[in-house]
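This report introduces a single protein chain to a reader who has not met it before. The sequence and the structure are shown first, and the description follows.

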Amino acid sequence: MRTRLLLGLALLSTGLLAGAFGYGAANLVPTFNAVPLDIRLSFHTELMKMNGITMQAAMGISIVSSLTLAALTHGRTRLLAGGAGLLALTSLLVTRFGNVPINSRIKEWAHASAPADHTEILRHWETYNDIRTVAAVLAFALLISTALRPPTHT
C-alpha cells in the first residue's frame, strides 16, 4: 500500500513537471520568439518569479518520491523508479546550472538592454529547456511503465 501511494505521488509530481516543461517548450518558447524582445524579456522575468516555487517543488517531490520508491522496491521497479528519479534530478541540475543563470541575465536585460550576443544566449536557454523537458518526460514515462507493470507477489 505504501509503495502504491508513493508511486501515485511520483506519477503526479513527475506528470506535472513533464506537463509544465512540455507546455513551455511547445507553446511558451515559440511565443517568446514571436514577440518583440522587450516583451519577451518582461514576460520571461515575470514568469520566472511565478515558476520559481512551483517548478522547484515539482522537481523536488519528483526526485524524492521516485528515489524513495526505488529504495523501497526491487528488481525492474527499482530500476525504473531510480531512473525516473535520476532523470528528474537531471532536470533540476540543468535548470539550476543552465537556465537559472541565464534567467538572472534576462532579468537584468529587462531593466537595461540586451547585449549584442543575446540571441546566442537565448538559444542556449532554449537548449537547456529542451534537455530538461526531455528528461522530465522520460522520467514520467518510466513511472508510467512502472505503474503499468503487473504487480509481483513475493
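In which helix is Leu69 found? Leu69 belongs to helix H2. The model described here is predicted, and the account moves from the chain as a whole to its helices, its aromatic rings and its largest pocket.

## Overall architecture

The chain contains four helices and zero strands. Read along the sequence, these elements give the pattern α-α-α-α. The C-alpha trace spans about 65 × 20 × 20 Å along its principal axes. Of the 154 residues in the chain, 38% are buried.

## Two helices and their bends

Helix H2 has 36 residues, and at 1.5 Å a residue these should span 52 Å; the end C-alpha atoms of H2 are 49 Å apart, which agrees. The course of H2 includes a bend of about 45 degrees at Asn51.

Helix H3 can be treated in the same manner. For its 37 residues the expected span is 54 Å at 1.5 Å a residue, and the end C-alpha atoms of H3 lie 53 Å apart, again in agreement. H3 bends by about 40 degrees at Thr95.

A general point helps in reading such helices. An α-helix has 3.6 residues a turn, so residues three or four places apart point the same way.

## Residues separated in sequence

Several pairs of residues show how positions along the chain relate to positions in space. Their separations are set out below.

| Pair | Separation in sequence | C-alpha to C-alpha distance |
|---|---|---|
| Leu12 and Leu143 | 131 residues | 9.8 Å |
| Leu69 and Ile144 | 75 residues | 13 Å |
| Gly85 and Phe140 | 55 residues | 9.6 Å |
| Phe43 and Phe32 | 11 residues | 8.4 Å |

The residues named in the table have various surroundings. Leu12 lies in helix H1. Its relative accessibility is 53%, and Leu12 therefore counts as exposed, the cut-off for that class being over 50%. Leu69, in helix H2, is buried, because its relative accessible area is 2% and the buried class covers values under 20%. Gly85 lies in helix H3 and is likewise buried, with a relative accessible area of 0%.

## The aromatic rings

How many aromatic pairs does a search of the whole structure find? The search finds two. In one of them, Phe32 and Phe43 meet edge-to-face, with 5.9 Å from centre to centre and 65 degrees between the planes. This pair links distant parts of the chain, since Phe32 is in helix H1 and Phe43 in helix H2, 11 residues apart.

Are Phe32 and Phe43 buried or exposed? Phe32 has a relative accessible area of 4% and is therefore buried. Phe43, at 44% relative accessibility, counts as partly exposed, because that value falls between the 20% and 50% limits.

Phe32 also pairs with Trp125. The arrangement is edge-to-face, at 6.4 Å centre to centre and 65 degrees between the planes. Phe32 lies in helix H1 and Trp125 in helix H4, so this pair ties together parts that are 93 residues apart in sequence. Phe32 and Trp125 are both buried. Through these ring pairs, Phe32, Phe43 and Trp125 are linked into a cluster.

## The largest pocket

Rolling a probe the size of a water molecule over the atoms shows where empty space is left. In this model the largest pocket holds about 560 Å³ of space. The elements that each give two or more residues to its lining are helix H1 (2-34), helix H2 (37-72), helix H3 (75-111) and helix H4 (118-148).

The lining of the largest pocket consists of 29 residues. Those that lie nearest the centre of the pocket are Met48, Asn51, Gly52, Asn103 and Arg132. Which helix gives the largest share of the lining? That share, 10 residues, comes from H2. Asn51 thus appears twice in this account: H2 bends at Asn51, and Asn51 is one of the residues nearest the centre of the largest pocket.

Sorted by class, the lining of the largest pocket has 15 nonpolar, 10 polar and four charged residues.

Key. Residues are numbered from 1 along each chain as its sequence is written. This is a predicted model: local features need pLDDT of at least 70, side-chain atom pairs count only at pLDDT 80 or more; totals for chains, interfaces and linings use all residues. Side-chain values use heavy atoms; hydrogens and water are left out. On a 1 Å grid over the protein atoms alone, a cavity is a set of points where a 1.4 Å probe fits but cannot get out, and a pocket is an open set with protein on both sides within 12 Å along at least five of seven lines; lining residues have an atom within 4 Å of a point. Grid points are joined across faces, edges and corners, and a volume is the space filled by probe spheres set on the points. Ala, Val, Leu, Ile, Met, Phe, Trp, Tyr, Cys and Pro count as nonpolar, Asp, Glu, Lys and Arg as charged, and the others, Gly among them, as polar. The expected span of a helix is 1.5 Å times one less than its number of residues. The bend at a residue is the angle between axes fitted to the seven residues ending there and the seven starting there. Rings of Phe, Tyr and Trp (its six-membered ring) pair if their centres lie within 6.5 Å; planes under 30 degrees apart count as stacked, over 60 as edge-to-face and the rest as tilted. Buried means under 20% relative accessible area, exposed over 50%, partly exposed in between (1.4 Å probe, protein chains only).
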